[in-house]
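User: Please pick one part of this model and take me through it closely, step by step. I am in my first year, so explain each term when it comes up.

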Amino acid sequence: MKRMHVHVAVEGIPSAIGFYSALFAVQPTLIKPDYAKWMLEDPRINFATSTRGRQPGLDHLGIQVESAEELQQVYGRLRESGGNIVEQGQTACCYAKSEKSWIDDPAGIAWETFFTTAENTHYGDGTGEHEARVAHEKPCCTPQAASASVPSQACCSA
């Protein structure tokens with residue numbers, strides 16, 4: 001059975017724990033100084049927050065599977081989508097050891113598909129995730145977004 005994954009970047013873990021614990025009516029299943037995770041059954045979701053240096057807000061979405069067979073099924077769906085897949089492979093991230101791949105949806109939201117095989121004592125160095133995200137980076141300004149009266153780099157710093 002698959003589980004939806006949502007990862008939100010936050011400014012502070014304590015305030016995130018307070019808010020989301022009230023919203024979900026349950027405490028996180030994993031708390032670290034820079035990370036908190038709720039493995040919920042109703043709704044069936046892996047909801048995570050972190051303070052890993054990104055802008056606060058939606059960081060990425062994902063599909064977590066429970067077996068290598070399910071992961072291959074989801075990988076097949078990624079290939080059918082026609083998007084650019086970044087195969088991260090075996091990695092340590094988010095206090096877990098997983099195999100994962102990344103793809104951007106048409107709106108530019110990063111999706112990770114992953115199978116977690118074990119816990120990890122540290123967050124991970126983010127190397128694989130960083131490489132996956134760099135492959136998905138887009139210019140911050142598009143010709144439609146930049147106007148003649150606004151320098152092209154202004155929207156990057158806005």
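Analyst: What follows is about the sheet, its inner strands, the helices beside it and a pair of cysteines.

The model is predicted, so local features need a pLDDT of at least 70 and side-chain atom pairs count only at pLDDT 80 or more, while totals for chains, interfaces and linings use all residues. Residues are numbered from 1 along each chain as its sequence is written, and side-chain values use heavy atoms, with hydrogens and water left out.

The protein chain has four helices and eight strands. Both kinds of element are DSSP runs numbered from the N terminus: helices are H or I over at least four residues, and strands are E over at least two. Along the sequence, the elements come in the pattern β-α-β-β-β-β-α-β-β-β-α-α.

The eight strands make an open sheet with mixed pairing, in the order β2-β3-β4-β1-β5-β8-β7-β6. Its edge strands, β2 (30-32) and β6 (86-93), each pair on one side only. From one strand to the next, the twist averages 20°. Two strands count as paired if DSSP finds at least two bridges between them. Angles run from 0 to 180 degrees between N-to-C directions, and axes are lines fitted to C-alpha atoms, for helices over the stretch in contact.

Helix α1 (residues 13-24) packs on this sheet and touches β1 (3-9), β2, β3 (35-41) and β4 (44-50). The direction of α1 makes about 10° with that of β3. Helix α2 (residues 68-81) also packs on the sheet, touching β5 (57-65), β7 and β8, and its direction makes about 15° with that of β7. Contact here means heavy atoms within 4.5 Å.

Now the strands in turn. What covers β4, and how many of its residues are buried? Seven of the seven residues of β4 are buried, so the strand is largely enclosed by the rest of the structure. A residue is buried under 20% relative accessible area, exposed over 50% and partly exposed in between, using a 1.4 Å probe and protein chains only. Both faces of β4 are covered: one side carries Arg44, Asn46, Ala48 and Ser50, and the other carries Ile45, Phe47 and Thr49.

On one flank of β4 is β3, joined by a hairpin through two residues. β3 and β4 run antiparallel and pair over seven bridges. Leu40, for example, stands opposite Ile45 in β4.

β4 also pairs with β1, this time in the parallel sense and over six bridges. His5 stands opposite Asn46 in β4, and Val8 stands opposite Thr49 in β4. β1 is itself mostly covered, with six of its seven residues buried. β1 also pairs with β5: the two run antiparallel and are joined by seven bridges. Met4 has Ile63 as its bridge partner in β5.

Further along the sheet, β7 (residues 96-104) pairs with β8 (residues 110-119) in the antiparallel sense over nine bridges. Lys97 stands opposite Ala118 in β8.

Helix α2 meets this part of the sheet, and its buried residues pack against β5, β7 and β8. Those buried residues are Glu70, Leu71, Val74, Tyr75, Gly76 and Leu78. The length of α2 can be checked: at 1.5 Å a residue, its 14 residues should span 20 Å, and its end C-alpha atoms are 20 Å apart, which agrees. The expected span is 1.5 Å times one less than the number of residues. Just after α2, Gly82 takes a positive phi of about 80°.

Next, the cysteines. A disulfide is counted when a pair of cysteine sulfur atoms lies within 2.5 Å. By that rule there are zero disulfides. Cys93 is in no disulfide, and the nearest cysteine sulfur, that of Cys94, is 3.2 Å away. Why is Cys94 not bonded to Cys93? The sulfur of Cys94 is 3.2 Å from that of Cys93, its closest cysteine sulfur, which is too far for a bond. Cys93 counts as buried because its relative accessibility is 4%, and Cys94 counts as buried at 12%.

Last, the chain as a whole. Buried residues make up 42% of its 158 residues. Among contacts between residues at least 6 apart in sequence, 56% join residues at least 24 apart. The chain exposes about 9100 Å², of which carbon and sulfur atoms supply 55%. Accessible areas come from the Shrake-Rupley method with a 1.4 Å probe, and for residues only the protein chains shown count as cover.
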